Amino acid sequence: MTVSRRDLIKAGLAAGTAVSIPSVLLARAAPVTARTVRMVKGDLTVFDPIFTTTTTTQDHGLAIYDTLFALDSKFMPQPQMVGNWGVSDDKKTYTFELRDGLGWHDGTPVTAADCVASIRRWAQVAAGGRLLMERARDISKKDDKTFTIALKEPLGLLTQILGRFSAPDPVIMREKDANRPATEQVTANIGSGPFKFNEALAKPGASFTYDRNEKYVPRKEPSDGFAGGKIVNVDHVIWEDIRDQQTAFAALQADEIDYIEEPPADLYPVIENDPNLTLQVLNKTGTVLHLRLNCLQKPFDYVKARQAMLHLIDQEAFMRAAIGDSKYFQTLTSIFGNGTPYTNEENTGWFKKGGDPEKARQLFNEAGLPVKVVILQPTDWAQGSNASQVLSAMLQKIGVNAELAPSDWGGVAARRKNKGPIESGGWSIFVTSESVFSRTDPTGNPALLANGDSGWYGWPKSDEYEALRAKWADVETLNERKALARQMQRVWWDFVGDVLLGQFVAPIARRKTLTGLIEMPGRTPMWSMRKA
């Protein structure tokens, strides 16, 4: 009988003892080189970053693909695949020339035709891309390395849109892949980025391996946020799919893995007291935890039911269950997050410390209870799973027939696409999260759309809100944008586009031998990591 290291870890935990793994087994399972990083990431089931907005897929895309522009540490767009670019005097024609040295993992060169096809495919589903296409008169190749975007009217945010990571991210694919409709997955995993996806070592449900792209030519500028030179300092990165959190943590302690993306909050003190481990906050802007309600089906097709959810929520109870220590979280009432230039308190009278379950009960009754509510529970994401359980209990307490539908995140991501009733495999509510930084981008963030069934999961609709959101790209001053943000928030809370649970910062856990992680919101780049 062969005993795996993971079995030994589980056995040690079950016995309640310190885990000791025989060195011979460690040697057999050790990485091929010391320059291999093992990371516990989310469940990767979709490989096309245009097909889904799931963060794990976007991180996969960030590893193997590249983008035309990228944001630096001050959130300003900088050229990435682009070498030279310019704009005409009337601000309507942009010309982009690709930098030298760009090549696909299959050995062929990156061309302007690849870029044109990729922009068009991405724009089919991305909010920022749709705005671009509304303004575009033409997007076309000029020669093998040059393409132009001709606009009907100026769009000052163009390079920001092309460089900002608001899922789906604007990655560049081969033309033959990008010619596929955005509703059909690209499965080739051939990009031009700093890592290659190792198809031979892919073990769905267990692990995926990324190899350093030895032919990648980084920019000469220093690494700065997502921008600058993407210098890869390791040979391989392995994403381990360890669903059990205690097993993952024991593996981290045992030097089995180097990094855990979302360690359970109750283990923070243990990690801090371990001389070989450390916690590090990569997303210093914070994260918003929120609910998406299915606005196409009962009961949340009725605004009173959505308003009931605002009154039901006890944010502190949710955050204690999801995050733990109050030093890591705060309550939140602004759709633009706390601490951003657009944070405001417009139309937030619904917020009450501890919630108002009786008001929620009243509104649900007016919405026509009883109706069963199905909550998608991501069992492999502690924060989302805990929040789902708290929500179910709160709904049941006021008489709502709430039912949890447990699955891994991949199952949630698949089921949330269903627009039908729960009797046909649909859903009512799911918990999700996104960076506070993304909340400052109503032109590109799909969670801030209200365009009905052509929008993001939940499909809220408000023509009044959308008319206001359409003005965002053309507002010139910060004060004007702040005023517009207040108007947008007033309307948002009237129709209830989503339900906020709070804002938090969540550290990753790593071994101290792993350094060089990039501290930026929303994504986890791998190209700057170093392993001692």
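Select Arg 511 to begin: at 10% relative accessibility, this residue counts as buried. The coordinates on display belong to a predicted model. Arg 511 belongs to strand 21 (residues 508-511), whereas its partner Asp 255 lies in the loop between helix 8 and strand 13, so the pair ties together parts that are 256 residues apart in sequence. The two residues form a salt bridge, with 3.1 Å between the closest N and O atoms.

**Asp 255 and its loop**

Keep Asp 255 selected and display the loop between helix 8 (245-253) and strand 13 (259-260), where this residue is found. Unlike Arg 511, which is buried, Asp 255 is partly exposed, with a relative accessible area of 43%. Its backbone also deserves attention: although Asp 255 is not a glycine, its phi is positive, at about 65 degrees.

A second residue may be displayed for the same backbone feature. Phe 75 is not a glycine, and its phi is positive at about 65 degrees. Phe 75 is located in the loop between strand 3 (69-71) and strand 4 (77-79). With 25% relative accessibility, Phe 75 counts as partly exposed.

**Further salt bridges**

How many salt bridges does a search of the whole structure find? The search finds 32. Select Lys 41 and Glu 261, whose side chains meet in one such bridge, at 3.0 Å from N to O. This pair links distant parts of the chain, 220 residues apart: Lys 41 is in the loop between strand 1 (36-40) and helix 3 (55-64), and Glu 261 is in the loop between strand 13 and helix 9 (268-272). Are Lys 41 and Glu 261 buried or exposed? Both residues are buried.

Next, select Arg 164 and Asp 441. Their side chains meet in a salt bridge of 3.4 Å, N to O. Here the linked parts of the chain are 277 residues apart, with Arg 164 in the loop between helix 6 and strand 9 and Asp 441 in the loop between strand 19 (429-435) and helix 15 (463-469). Both Arg 164 and Asp 441 are buried.

**Two cis peptide bonds**

Remain in the loop between helix 6 (158-163) and strand 9 (171-172), and select Pro 168, which has its place there. The peptide bond leading from Ala 167 to Pro 168 is cis, and omega is near 0 degrees. Then move to Pro 299, in the loop between strand 15 (287-293) and helix 10 (303-312). A cis peptide bond with omega about 0 degrees joins Lys 298 to Pro 299.

**The six-stranded sheet**

Strand 15 leads to the next stop, an open sheet of six strands in the order 16-20-15-19-17-18, with mixed pairing. Strand 16 (329-330) and strand 18 (401-407) are its edge strands, each of which pairs on one side only. Within the sheet, seven bridges pair strand 15 with strand 19 in the antiparallel sense. To view one position in this region, select His 290, which stands opposite Thr 432 in strand 19. Now add helix 11 (residues 315-322), which lies across strand 15, strand 16 and strand 20 (499-504) and runs at about 55 degrees to strand 20.

**The four-stranded sheet**

Select next the open sheet of four strands, whose order is 5-6-8-7 and whose pairing is antiparallel. The edges are formed by strand 5 (82-87) and strand 7 (136-143), each pairing on one side only. On average, neighbouring strands of this sheet are turned by 15 degrees against each other, direction ignored. Strand 6 (residues 93-98) and strand 8 (residues 146-151) run antiparallel and are joined by five bridges. Tyr 94 stands opposite Ile 149 in strand 8.

Helix 4 (residues 112-123) packs on this sheet and touches strand 6, strand 7 and strand 8, its direction making about 160 degrees with that of strand 7. Helix 5 (residues 127-135) lies across strand 7 and strand 8, and runs at about 90 degrees to strand 7.

**Helix 13**

For the final stop, select helix 13 (residues 382-397). This helix has 16 residues and reaches 23 Å from its first C-alpha to its last, close to the 22 Å expected at 1.5 Å a residue. Its buried residues include Ala 382, Gly 384, Ala 387, Leu 391 and Leu 395. After helix 13 comes Gly 399, whose phi is positive, near 95 degrees.

Notes: Residues are numbered from 1 along each chain as its sequence is written. This is a predicted model: local features need pLDDT of at least 70, side-chain atom pairs count only at pLDDT 80 or more; totals for chains, interfaces and linings use all residues. Side-chain values use heavy atoms; hydrogens and water are left out. Buried means under 20% relative accessible area, exposed over 50%, partly exposed in between (1.4 Å probe, protein chains only). The expected span of a helix is 1.5 Å times one less than its number of residues. A salt bridge is a side-chain nitrogen of Lys or Arg within 4 Å of a carboxyl oxygen of Asp or Glu. Two strands pair if DSSP finds at least two bridges between them. Contact means heavy atoms within 4.5 Å. Axes are lines fitted to C-alpha atoms, for helices over the stretch in contact, and angles run from 0 to 180 degrees between N-to-C directions.
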